[in-house]
Amino acid sequence: MGFNNNVFVNCPFDKEYSPLLKSLVFTLLYLELEPFLSQTISSSNIRINQIKQYIRSCKFGIHDLSRNKAMKDGELPRFNMPYELGLDIGASEYGNKTLRKKKILIIDTERYHYQKVLSDIAGQDISNHNDDPKMLVKKVRNWISTSTASIAIAPHSEIWAAFNQFTDDLTSTLLPDYTPEDIDEMTIGDYIKFAKDWLSRFKKN
Amino acid sequence: MKGKLIYTKQLGKSVALQAQSAKMGKLHVIAGDSNWKVVSEGSVKALRVFSTVEKAIDFAKNIASAKTGEVVVHEGNGKIKSRITYSLVK
């Protein structure tokens with residue numbers, strides 16, 4: 001995989017976001033794109049340096065700002081994601097010829113939340129998902145389709161049908177040895193490996 | 001979300017084998033944009049589309065109960081809500 005197929009995914013880590021993250025990652029893999037997530041960075045790496053490397057090596061950037069607010073009483077909003085979004089936009093603005101080809105999608109739960117917290121991003125590709133994985137699959141798929149206009153890509157309904165079947169196959173295969181919580185809480189790196197293995201067979205059907 | 005390490009090449013192969021087998025008689029009831037679909041295992045095209053999940057489940061049950069089959073009902077987020085297995089008594 002090279003620059004044109006690489007996607008930097010700058011999304012929340014929390015348990016509540018997990019179904020959205022999995023559907024997003026599965027959509028990218030189904031479209032034969034390679035996701036790069038900060039969650040997969042090993043603790044031995046200096047996180048921000050690895051993120052900068054991802055930004056340099058990815059044509060696409062998907063940034064979810066839905067946690068740019070406190071989710072519970074007493075919790076603070078997180079600013080890593082808007083910071084990394086800024087780095088990605090900076091690379092596309094001031095980078096070399098290759099980096100200026102970057103495509104960036106900003107997503108949020110609600111349609112207009114970003115306008116209240118980060119109004120300067122108006123003019124970028126912005127979309128919302130209502131915390132609904134199915135809607136996220138559709139929005140990401142449509143954005144990829146628009147960003148790669150010359151290539152026909154699978155419809156969102158096809159990706160969603162495959163995602164549901166993968167969820168079943170993954171769960172039913174692992175359940176004898178793992179609890180539903182273990183399966184739900186597996187690392188996103190492991191989830192990607194399982195999805196790649198499964199897709200390599202599913203697409204041959 | 002720190003997460004658990006589960007993946008092994010052997011488990012990955014087992015999950016992939018599920019995709020390859022395209023089990024006959026296994027039907028998935030999944031959420032559409034504003035409807036519910038019944039999709040055969042291994043396919044991405046809907047057999048039928050329904051306005052309600054109840055109608056979709058009834059349709060899938062009718063097919064699955066006529067032979068050895070399984071109906072997997074998914075939640076709106078793709079997770080498994082329920083599983084109904086049918087086996088013909090000989």
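What radius of gyration would a compact globule with 205 residues have, and what does chain A have? The globule would be near 17 Å; chain A has 17 Å, which agrees. Keep in mind that this is a predicted model.

**Stop 1: chain A as a whole**

Select chain A and show it as a cartoon. You should find eight helices and five strands. Trace the chain from the N terminus: the elements run β-α-β-α-β-α-β-α-β-α-α-α-α. Now turn to the overall dimensions. The C-alpha atoms of chain A fill a box of roughly 50 × 50 × 35 Å along the principal axes. Of the 205 residues in chain A, 41% are buried. Take the contacts between residues at least 6 apart in sequence: 62% of them join residues at least 24 apart.

**Stop 2: α2 and α3 of chain A**

Select residues 47–57 of chain A for helix α2, then residues 80–94 of chain A for helix α3. Their axes lie 10 Å apart, and the helices pack at an angle of about 40°. An angle of 35 degrees or more but under 65 counts as oblique, so α2(A) and α3(A) are oblique to each other. Their crossing is right-handed.

Show side chains next. On α2(A), pick Ile51(A), Lys52(A), Ile55(A) and Arg56(A). They meet Glu84(A), Leu87(A), Asp88(A) and Ala91(A) on α3(A). By class, this contact has four nonpolar and four charged residues, with no polar ones.

**Stop 3: α5 and α6 of chain A**

Move on to helix α5, residues 133–147 of chain A, and helix α6, residues 156–174 of chain A. Here the packing angle is about 135°, with the axes 9 Å apart. These two helices are therefore oblique to each other. The crossing of α5(A) and α6(A) is right-handed.

Which residues make the contact between α5(A) and α6(A)? From α5(A), select Lys134(A), Val137(A), Lys138(A) and Arg141(A). From α6(A), add His156(A), Ile159(A), Trp160(A) and Phe163(A). Color them by class: four are nonpolar, one is polar and three are charged.

**Stop 4: where chain B touches chain A**

Bring chain B into view. The contact takes 30 residues from chain B and 37 residues from chain A. On the chain B side, select α1 (9–21), β1 (26–31) and β4 (69–74); each supplies at least two residues. Which element of chain B gives the most to this side? α1(B) does, with nine residues. Finish by coloring the chain B side by class: 15 residues are nonpolar, eleven polar and four charged.

Definitions and conventions: Residues numbered from 1 in each chain as written. Chains lettered and ligands numbered in written order. Predicted model: local features only at pLDDT ≥ 70, side-chain atom pairs only at ≥ 80, totals over all residues. Axes fitted to C-alpha atoms, helices over the stretch in contact; angles between N-to-C directions. Helix = DSSP H or I, 4+ residues; strand = E, 2+ residues; numbered from the N terminus. Parallel < 35°, antiparallel > 145°, perpendicular 65-115°, else oblique. Left-handed = near helix turned anticlockwise from the far one by under 90°. Contact = placed C-beta atoms within 7 Å. Nonpolar A, V, L, I, M, F, W, Y, C, P; charged D, E, K, R; others polar. Rg over C-alpha atoms; globule rule 2.2 N^0.38 Å. Buried ≥ 20, exposed ≤ 12 C-beta atoms within 10 Å, placed from the backbone.
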